[in-house]
Each structure stands twice: as C-alpha cells, then as structure tokens.
Amino acid sequence: MIRTRFAPSPTGMLHVGGARTALFSWAYARRHKGVFVLRIEDTDQERSTLENEQTILESLKWLDLDWDEGPFYQMKRLDRYREVAETWLKEGKAYHCYCSKEELDAMREAQIARGEKPRYDRRWRDSKDTPPAGRTPVIRFKNPLSGDVTWNDAVKGTVTVSNDELDDLVLIRTDGLPTYNFAVVIDDVDMSITHVIRGDDHVNNTPRQINLYAALGAPTPTFGHVPMLLGHDGQKLSKRHGAVSVTQFRDEGYLPEAVVNYISRLGWSHGDEEIFSREKLIEWFDLEHVSRSPARWDSEKLKWINAEYLKRLTDADIAGRLQSAKPEVYKFIASVMDPVAMTAAGRAKFQLLTDHEAFLMAMAEPSHADDAAKEHLNEAGRAVLKEVKARLEALPEWTAPAISAALKQTVADLKVKMPQVMMPFRAALTGLTQTPAIDAIAAALRKDVAIGRIGRAIGT
C-alpha cells in the first residue's frame, strides 16, 4: 500500500510551491490507489498560527486535494518524540549536550576563521565532564562517524553524501520540543509513509533523516525531490513573480481545476498535453517524468489555461459558481438582473470570474460620476437618451433584438451616427464606456431597472 503525505507548517499560508508538493503527493497516492495523509507540523510555536492552519486547510479543500487520514498535529505527539529520544539515550544512540549558545557561536567563528566548515565539534558526545550547574541540555543524535549515506532518489537519481559532512543533529531542544528532522522521521515511520515527495530544498535533510531511520531499525521510504520553482527572470520564485497564496488565486476568481492543471505542469509533463482533467492527472502522474530542472512560473500561461477552462463552462455554471463563492454579491445582482443572461453578455470580454464579478457589480450599481461616462451624458447625450427612453418604454417585449432594433431606429430618426446613440446609452446603463454587447446587457437587466437608469442619467 503506497502512502504519501503532505506536512505543511502553519507558519504561513499555502503558496505555489507547497501546493505543488501537496498535488504531486496526492496524485501519486490516487494513481496507485494508496493513502494520502495530512500532517500539520506545528512545533514552531512562535510563528505557527491557527489562522494560517485554517487557510492551509481551506486551500487544500478549494483545490479538492482530499486527504484520507489526518490532519495529525505534531504538538499532540510530543510524548512520542520524547519516548524515542529517551530510548536512544539509554541505547547510546544519543547524548546530552550542554553547550551554551555563546559557546556554539564561538565554536563556529573559530572554525570559519580557520577556513573550516562550521559545525558542532561533538565535544559532549563521549564527555565524562560534570555538566554545568543549572543548564538545560539538548539531546543530540550520534551520527555515524564514517561511511556514506546513499539513496536512489525517484527524481534526482542516485545521491551519495559522506557522513563526514554531517554533524550530530539536535533531536530535542532545551524547550523540550523536537527538531524538524527528528519529528518528521518519527512521524513518517509511525504513519507508515512509503513515499516522501517534497521540494529539493530538503535534499540536505535527507541523509540526516536516513541515519535516523537506521537508528530506529525502520525501512527508509522512497524519496522524490522535485525541482524548485523560478520566476520568469530565472530567480527564485517570490511574490513579485506571482508566488501568492492559493487563497489569493481563489479570491481573484481563478477556477480551482485550472490552477490544479497549471501547477501539475510545473516540473512534470505527460507528452505535450497542456489541458487535462483531474482524472487524467491521476491516470498519468508518475515520478519518472518529473523534471530534474527548475520549473518557471508563468502568470500569463495560468491565465490562458484558466480561460480555456472558462470556455467550457455554461453561462449557468459561471453564474452558479459566482453564487457559491460570493452569495451576497450574487443576491445583490439578482435583485436587478438575470445573472445567467448577464454572464452570457460578459463572456466574450471577461475571462476571470472576478472580472465577471467586477463587471456585474458595475451593472448592479453603475456610477454616472465617472469622467469618461459624464462625457457622453452631456446635453446632446441627454437629448438622445430622451428619445431612446421613449422607444424602449414602448417595447412590447424586452429582448436583445428588440432593444437593438429600437436603438437603430433612433439613429435613423435622429440622423446621427451610431456612437452618438450607443455611447450615451452605454454610459447611462453601466457607468462604463467599454462593455460587451450593450443590447445583451440591457436585456439582462429588468426593463424597469434599465428605464430607471436612463431616467436618472437625464435627470427625469
């Protein structure tokens, strides 16, 4: 049984890199009909917050990355970490280290001055000295002093690190909390994790963790370190490149299935496939086709993929999603117009759901104070609108073709150019100077609402 896990720390929100790790771990488990475990690594009590935790859970739910077990919390497993550490002390696999922060700083400074790699010098590893009075020790692991650590990484291939490069890892800090490398190994063993898929910034942790697995007498899971994400300029992905939280994508109106599709292609591919369903991702995903090279974030590509997904939705689907995501906005819009019809009117111009939302809100509550709009609501524009208003009031049916015919008849009767009628009409109805087809917009509004807006624009 393949068991993968995603183990975020609630010291921040879920960003693109973490979302990709979660997605790859989820997809691998789903393809192999395995188990996907969620674990919250909350031992950094100074920076961990409940708000961040809830945001992470919201993000995973929005992406529809459902977990089978968990969430498990490290802070509820402190007794387990202490139990292992105490056992290792008795077995001679760990020891107490009484070095103060000042001593460790001085040690590193001296090593750097000598041109050496700074690391703990193991002075308490086999010491018989009397411990300093009143000083709480850390518990350190007795890392092997010779030999190599080798593993066959599912993405990077064979990796070998000499134990000479590793120092004696702190297992339990002076505050009694476990370090990351110690807790994660105990957790993965207890939760029977078979495959650890994570960012390649964790490669340096892996040899240390493999030695901890050996000390436990536990099998080592398969590791797969996925490449880092870069911005369009080749630098590490940051907020200026668009590395925002997953919830921001949600709030900006991106479709979750489009985000999942795009993120899955960051460092993994299936031939030349660009647009594919969640079901196809599960069918195709493997670690063999995860690239060893860094992936580049492309905001424009995400927008394109989102637009492709949006094209496949019906107008009713879009309106329904707006109702689900923004119920108060939808309720307000529905009080003056048919949201489905208005969505159809806006589809050709606006690609993101939030663009629809902003557009619909403008329709629901237009402002005639905008300078560009006021330009078309001058004396000549108001005179034209009086004629338009009279014709629209007389229409027996309120449809886009009927409204269009009335507007064209006004142009003919007044012997003016089309923009001299359409621009004041558009400004009166929407408060905007650029919109999709204005006859469709007018038809989406209730007749009394449209007539009332024209009346307010001309002061009647």
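Me: Contact means heavy atoms within 4.5 Å. On that rule, which residues of H3 meet which residues of H5?

Reply: Bear in mind that this is a predicted model, where local features need pLDDT of at least 70, side-chain atom pairs count only at pLDDT 80 or more, and totals for chains, interfaces and linings use all residues. Residues are numbered from 1 along each chain as its sequence is written, and side-chain values use heavy atoms, leaving out hydrogens and water. Now to the helices (DSSP runs of H or I, at least four residues; strands are runs of E, at least two; both numbered from the N terminus). H3 brings Arg-80, Tyr-81, Val-84, Ala-85 and Trp-88, and H5 answers with Phe-182, Ala-183, Ile-186, Asp-187 and Asp-190.

Me: Why are H3 and H5 called roughly perpendicular?

Reply: Their axes (lines fitted to C-alpha atoms over the stretch in contact, with angles from 0 to 180 degrees between N-to-C directions) come within 10 Å and cross at roughly 105°. Under 35 degrees is roughly parallel, over 145 roughly antiparallel, 65 to 115 roughly perpendicular, and the rest oblique. So H3 and H5 land in the roughly perpendicular group. By class (Ala, Val, Leu, Ile, Met, Phe, Trp, Tyr, Cys and Pro nonpolar; Asp, Glu, Lys and Arg charged; the others, Gly among them, polar), the contact of H3 with H5 has 7 nonpolar, no polar and 3 charged residues.

Me: What makes H11 and H12 oblique, then?

Reply: The axes of H11 (residues 315–325) and H12 (residues 327–334) come within 5 Å and cross at roughly 125°. That angle is in none of the three named ranges, so H11 and H12 are oblique to each other. Ala-319, Leu-322, Gln-323, Ser-324 and Ala-325 make the contact from H11, with Pro-327, Tyr-330 and Ile-333 from H12. Sorted by class, that's 6 nonpolar, 2 polar and no charged.

Me: And why are H18 and H20 roughly perpendicular?

Reply: H18 (residues 418–430) and H20 (residues 447–458) have axes that come within 8 Å and cross at roughly 105°, so roughly perpendicular is the label. Phe-425, Ala-428 and Leu-429 of H18 touch Ala-450, Arg-453, Ile-454 and Ala-457 of H20. The contact of H18 with H20 splits into 6 nonpolar, no polar and 1 charged.

Me: Back to Trp-88: why is its pair with Phe-141 called tilted?

Reply: The structure holds 10 aromatic pairs. In this one the ring centres of Trp-88 and Phe-141 are 5.5 Å apart with planes at 45°, so the pair is tilted. The rule: rings of Phe, Tyr and Trp (its six-membered ring) pair if their centres lie within 6.5 Å; planes under 30 degrees apart are stacked, over 60 edge-to-face, and the rest tilted. With Trp-88 in H3 (residues 78–91) and Phe-141 in strand S5 (residues 138–141), the pair ties together parts 53 residues apart in sequence.

Me: What makes a space a cavity or a pocket?

Reply: On a 1 Å grid over the protein atoms alone, a cavity is a set of points where a 1.4 Å probe fits but cannot get out; a pocket is an open set with protein on both sides within 12 Å along at least five of seven lines, and lining residues have an atom within 4 Å of a point. The search finds 1 cavity of 30 Å³ or more. It is lined by Glu-257, Val-260, Asn-261, Phe-276, Ser-277, Arg-278, Leu-281 and Tyr-309, with H8 (256–264) giving the most, 3 residues. That lining has 4 nonpolar, 2 polar and 2 charged residues.

Me: Which residues lie nearest the centre of the largest pocket?

Reply: Gly-17, Gly-18, Thr-21, Asp-201 and His-202, out of 32 lining residues. The largest share, 5 residues, comes from H1, and the lining has 15 nonpolar, 10 polar and 7 charged residues.

Me: Which backbone feature does the bond from Gly-70 to Pro-71 show?

Reply: That peptide bond is cis, with omega near 5°, and Pro-71 lies in strand S3 (residues 69–73). In the loop between H2 (50–62) and S3 is Asp-64, whose phi is near 60°, positive in a residue other than glycine.

Terms used
Points joined across faces, edges and corners; volume = space filled by probe spheres on them.
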